[in-house]
Amino acid sequence: MITLASDFGSPYPAAMRGVICARSGARIEDIAHDFPRQDVRAAAFWLREVVPYFPPATHCVVVDPGVGTDRAALVVEAGGHRVVAPDNGVALPVARRLAGEDPTPEPGTTDDGATADVDTGNESATDGAAGIRVWEVEYDDAETASNTFHGRDVFAPAAAAVHDADSVGDLKRCRPTDEWVDLRFPDPAVGETTATGEVLVVDGFGNAITNVPGDVLDGLEEVRVDGEPAPVRRAYAALAEGRRLVTVGSHGNVELAVNRGRGDEAFGVGVGDEVRLAR
Amino acid sequence: MITLASDFGSPYPAAMRGVICARSGARIEDIAHDFPRQDVRAAAFWLREVVPYFPPATHCVVVDPGVGTDRAALVVEAGGHRVVAPDNGVALPVARRLAGEDPTPEPGTTDDGATADVDTGNESATDGAAGIRVWEVEYDDAETASNTFHGRDVFAPAAAAVHDADSVGDLKRCRPTDEWVDLRFPDPAVGETTATGEVLVVDGFGNAITNVPGDVLDGLEEVRVDGEPAPVRRAYAALAEGRRLVTVGSHGNVELAVNRGRGDEAFGVGVGDEVRLAR
Amino acid sequence: MITLASDFGSPYPAAMRGVICARSGARIEDIAHDFPRQDVRAAAFWLREVVPYFPPATHCVVVDPGVGTDRAALVVEAGGHRVVAPDNGVALPVARRLAGEDPTPEPGTTDDGATADVDTGNESATDGAAGIRVWEVEYDDAETASNTFHGRDVFAPAAAAVHDADSVGDLKRCRPTDEWVDLRFPDPAVGETTATGEVLVVDGFGNAITNVPGDVLDGLEEVRVDGEPAPVRRAYAALAEGRRLVTVGSHGNVELAVNRGRGDEAFGVGVGDEVRLAR
């Protein structure tokens, strides 16, 4: 199975679909083609949340603001999955989760209210050495039909080849590499009575999804969000229509929501905004 | 085959797709993921219009304003199809049509212009006893990963199991039930020279689809809509671009339309608005 | 394989999908269902750009402003592909490309700056005699369930039958025809130092795609667009975010773009607008 994910909208993904169908008999399933345009971090977040539900597959991901520059094309292998993507970090968060290095985060034990700046880089790099393997896909710029549509001309053919190969190492265009662009979501600062994080993404319903792990809400019926009290509920429909609430979203993180409404507007927050939670 | 229908937009349905692919080899086809948000009646209408064109299949439907509350999850079986959906009525109109209880409606014979309030409930309940079977899917709230995404954690796994089962009754989590939430579209009042109904849905083209059966237009070249005359035509393109018309839509009902334009705007109507037709 | 392409949005294509699944075991892949509404030329452009990447398949295309009128339904066969579509020209540009009659265009040698009005009609008609075969699909208007949804009632059943037939000629409802509506994109006027064309389509990113062949930019680092200088670059990201540029798009034509922005707005052009390029 090959899945497709991009920020291409329509109809560009159809050309990728055609290229794959012409080269491989793989079943194709879409993840999404409406990721926020050229927002590598949002795509990385959604891939981390969605891909692990699939059985082992090849995932062709193209959110690629650097198309046509000399950024590399990668295959990132973890947990039996193979992610074919540009070398901009988009594949790394999901790879860590697939490799078992990134379970749903648990709250840390930093000082109350302080913004933690924990460098987990080395730790993960060590842990991940066995779990994640990365190849660079060589492609000849002069061979590609277009400098503006590597989804069709580089990533789709690579995904078809990677899917059909017993081992990525069998492909002569793929050479192992230990250098790649990483991408990490910011760590929240979680204390005894407060947690400070930020909005990672806003979904189509308007739910503002933060990087704060959901268990900071354990046992709470109310929490202060940026100083204002808001009810904590397990389900959107636990309150009347239009009421705002704080909940643990399907991704395990704290989410600012409104029953049948938009949480981002009700709480006045957008992607990248700081969110301070306090008991 | 498993079809997916929801109001989730993107990328949440991809997680459902992954869950199903991890549990079943079923072919997956999308019906839609952009049903009007949390509008159970609109979803019920579109399912009734679309699902009967499929060969017998399992249909996983999630328009679910009550997610995370104690509303049940159902399997509704009719005409060889199995619909897995929340217990909010969304599956009943299509089930009645699949069971042959809801053919394209024919005009009644109520008094001219009077608003009929025909209770067809008993009649259908009787007719339907043999044609529709309903099971409740037991799920343990504590087992589900999320209270906000039962599409992924309850309905997708249920759909995979229901699809793969020879009989729904073979599944130990499914127990027959004779209690469920019903949903019926309002009946129009159809007289000799007038018909009064309402707009059930507005489609993406702006066509305002009513609950008035199309044969009230038989033989007419013009009809009064809320007092104003409008041409009756068999095709949008029978009039010049921008001209409004009344036609029989692909669902068999009276539709207010504009050739290459929006009927809802031209006729000044929206979902739920009353529409009075008169010769 | 059957591909689907339309301007139907959602959920109407699902009914087509159901009809096909009920009649054929063909794999179904979507090309797009959000082509600009009733814009036959835009659909024809995108089909020409996307379909050739697929392996030989049956393509069911419904952008059909004339639905319900007496316009014919066609099967257009070329290069091993079969396109089932209304007789409004939408299938002809892709058919010419599949037949090898329409390679990526090369600049002509007309006078500098003059608007060429080259009639390539006869030439192509001659070239294409062997490469393109067209059948009319007979359908009985009285048999169709709807005059407003031939996608479901005419084209989807025809596509299923055409896909499953060894030869289109085997289908008794298909009779060869040599009359059909053609559609040709306007020819640009390409001179030694200037080229005048028009914007054919604007894609979802805002890139304004012209009919001017990309090789007019060969060797240039700058070009005047309607008198104003603009940089010529091979990739969007070759300039800073928000900077406008002229590039050769993935379709091989000159494209007016902005890195991470909308080219149509930055250059002040829309579909059908003239674009004058000068060294």
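What percentage of the 279 residues of chain A count as buried? In this predicted model, 52% of the 279 residues of chain A are buried, a residue being buried if 20 or more other C-beta atoms lie within 10 Å of its own, exposed if 12 or fewer, and partly exposed in between, with C-beta atoms placed from the backbone.

Residues are numbered from 1 along each chain as its sequence is written, while chains are lettered from A and ligands numbered from 1 in the order in which they are written. Because the model is predicted, local features need pLDDT of at least 70 and side-chain atom pairs count only at pLDDT 80 or more, whereas totals for chains, interfaces and linings use all residues.

**Chain A and its sheet**

Chain A has six helices and 15 strands; helices (H or I, at least four residues) and strands (E, at least two) are DSSP runs, numbered from the N terminus. Among contacts in chain A between residues at least 6 apart in sequence, 65% join residues at least 24 apart. Two residues are in contact if their C-beta atoms, placed from the backbone, lie within 7 Å.

An open sheet of chain A contains seven strands, ordered β2-β1-β3-β5-β4-β6-β7, and its pairing is mixed. Two strands pair if DSSP finds at least two bridges between them. At the edges of the sheet are β2 and β7 (174-176) of chain A, each of which pairs on one side only. Neighbouring strands are turned by 25 degrees against each other on average, direction ignored. Strand β1 (residues 2-6) of chain A runs parallel to β2(A) and is joined to β2(A) by four bridges. Within this pair, L4(A) stands opposite D30(A) in β2(A).

**The sheet and helix of chain B**

Chain B also has an open sheet of seven strands with mixed pairing, in the order β2-β1-β3-β5-β4-β6-β7. Its edges are β2 (28-32) and β7 (174-176) of chain B, each with a single partner strand, so one side of each is left without a neighbour in the sheet. From one strand to the next, the twist averages 25 degrees.

Helix α1 (residues 12-23) of chain B lies across β1, β2 and β3 (58-62) of chain B and runs at about 155 degrees to β1(B). Axes are lines fitted to C-alpha atoms, for helices over the stretch in contact, and angles run from 0 to 180 degrees between N-to-C directions.

The strand pairs of chain B below include one parallel and two antiparallel examples.

| Strand pair | Bridges | Direction | Opposite residues |
|---|---|---|---|
| β1(B) and β2(B) | four | parallel | A5(B) and A32(B) |
| β11(B) and β12(B) | four | antiparallel | V223(B) and A230(B) |
| β11(B) and β15(B) | two | antiparallel | R224(B) and A278(B) |

Strand β11 (residues 222-225) of chain B has V223(B) and V225(B) on a covered face, and E222(B) and R224(B) on an uncovered one. In a regular strand the side chains alternate between the two faces of the sheet. β11(B) and β12(B) form a hairpin with two residues between them, and D226(B) in the turn has a positive phi of about 50 degrees.

**Relation between the chains**

A turn of 120 degrees with a shift of 0.0 Å along the axis lays chain A on chain B with an RMSD of 0.0 Å. The two copies are thus related as by a three-fold rotation axis. For chain A and chain C, a rotation of 120 degrees with 0.0 Å of shift along its axis also gives an RMSD of 0.0 Å. Copies are superposed by least squares on the C-alpha atoms of residues with pLDDT of at least 70 in both.

**Interfaces of chain A**

Where chain A meets chain B, 21 residues of chain A are in contact with 22 residues of chain B. The elements of chain A that give two or more residues to this side are β2 (28-32) and α2 (40-50); the largest share, four residues, comes from β2(A). The residues on this side of chain A divide into 12 nonpolar, four polar and five charged. Ala, Val, Leu, Ile, Met, Phe, Trp, Tyr, Cys and Pro count as nonpolar, Asp, Glu, Lys and Arg as charged, and the others, Gly among them, as polar.

The contact between chain A and chain C takes 22 residues from each of the two chains. On the side of chain A that touches chain C, helix α1 (residues 12-23) of chain A gives the most, with seven residues. That side divides into 10 nonpolar, 10 polar and two charged residues.

**Nonpolar core**

The largest nonpolar core has 268 residues, of which V61(A), V61(B) and V61(C) touch the most other members. A nonpolar core is a set of buried Ala, Val, Leu, Ile, Met, Phe, Trp, Tyr and Cys residues joined through C-beta atoms within 7 Å. Not counting residues up to four places away in sequence, V61(C) touches A5(C), A43(C), L47(C), V83(C), V84(C), A85(C), V90(C) and A91(C).
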